[in-house]
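Open your viewer and keep the selection box handy. We will go from charged pairs to nonpolar cores, one stop at a time.

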Amino acid sequence: MNILIFPVSSRDHMQGSLTAPITLVQYGDYQCPHCAEAYLIIQALQQQLGEQLCFVYRHFPCHDIHPDAQHAAEAAEAAGSQDRFWQMHDCLYRNYQALSNGHLVEYASGLDLDINQFLREVTGDMHVNRIQHDLQSGKASGVSTTPAFFINNYRYNGSLTQDALLTAIELVKQ
């Protein structure tokens, strides 16, 4: 069983409180169709579990098979510097099949981001180090593909369904 090597901290993108009884960490790739499916499952779990769940997202772009994943992660971070990380995160997963640079600018515009700042950050590689840190933390924890989940620091290796994930969460809570 793999353990999350780098614990969740305030540097992470999270929804919910660090004091929640369940912390679910996802290593994801915005161009991965399985991650797009997992996105819908996570949303449902968040609705179902409410304040009992802290959801953490970490980047794990698999650029060998998803050539637009790295730029999409950079776009999410650039949006985050304008307090719109989660809005861009949602947009990217809803549109995981359309992540070209033109699409990313279109999504940024739709979120009312300062486009000049967004472009400066993305083209200036300002967020590459953070994404690489997430990637390396995932590799250190045994992640090789996406989506990868950790429930309260332990790797979840079950099937990617809402029921299976909820069952694993309930077992951890006991």
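Start by selecting Arg 11 and Asp 134: they form a salt bridge whose closest N and O atoms are 3.1 Å apart. Here a salt bridge is a side-chain nitrogen of Lys or Arg within 4 Å of a carboxyl oxygen of Asp or Glu. Arg 11 sits in the segment before strand 1 (13–15) and Asp 134 in helix 6 (residues 128–140), so this pair ties together parts that are 123 residues apart in sequence. Helices (H or I, at least four residues) and strands (E, at least two) are DSSP runs, numbered from the N terminus.

A word on the model before moving on: it is predicted, so local features need pLDDT of at least 70 and side-chain atom pairs count only at pLDDT 80 or more, while totals for chains, interfaces and linings use all residues. Residues are numbered from 1 along each chain as its sequence is written, and side-chain values use heavy atoms, with hydrogens and water left out.

Now colour by accessibility. Buried means under 20% relative accessible area, exposed over 50%, and partly exposed in between (1.4 Å probe, protein chains only). Asp 134 is buried at 0%, whereas Arg 11 is partly exposed at 29%.

Next, add Asp 12 and Arg 58, a salt bridge with its closest N and O atoms 2.8 Å apart. Asp 12 lies in the segment before strand 1 and Arg 58 in strand 3 (residues 53–59), so here the parts tied together are 46 residues apart in sequence. Arg 58 is buried, with a relative accessible area of 2%, and Asp 12 is buried too, at 7%.

What joins the two pairs? Show Asp 12 with Arg 11: they form a salt bridge as well, at 3.6 Å between the closest N and O atoms. Arg 11, Asp 12, Arg 58 and Asp 134 are thus linked in a network of salt bridges.

Leave the charges and select Tyr 30, Met 88, Leu 92, Tyr 107, Phe 118 and Ile 151, which touch the most other members of the largest nonpolar core, a set of 44 residues. Such a core consists of buried Ala, Val, Leu, Ile, Met, Phe, Trp, Tyr and Cys residues joined through side-chain atoms within 4.5 Å. Helix 1 (residues 33–49) gives the most to this core, with 8 residues.

Last stop: a second, separate core has 13 residues, among them Ala 20, Val 25, Phe 60 and Ala 148.
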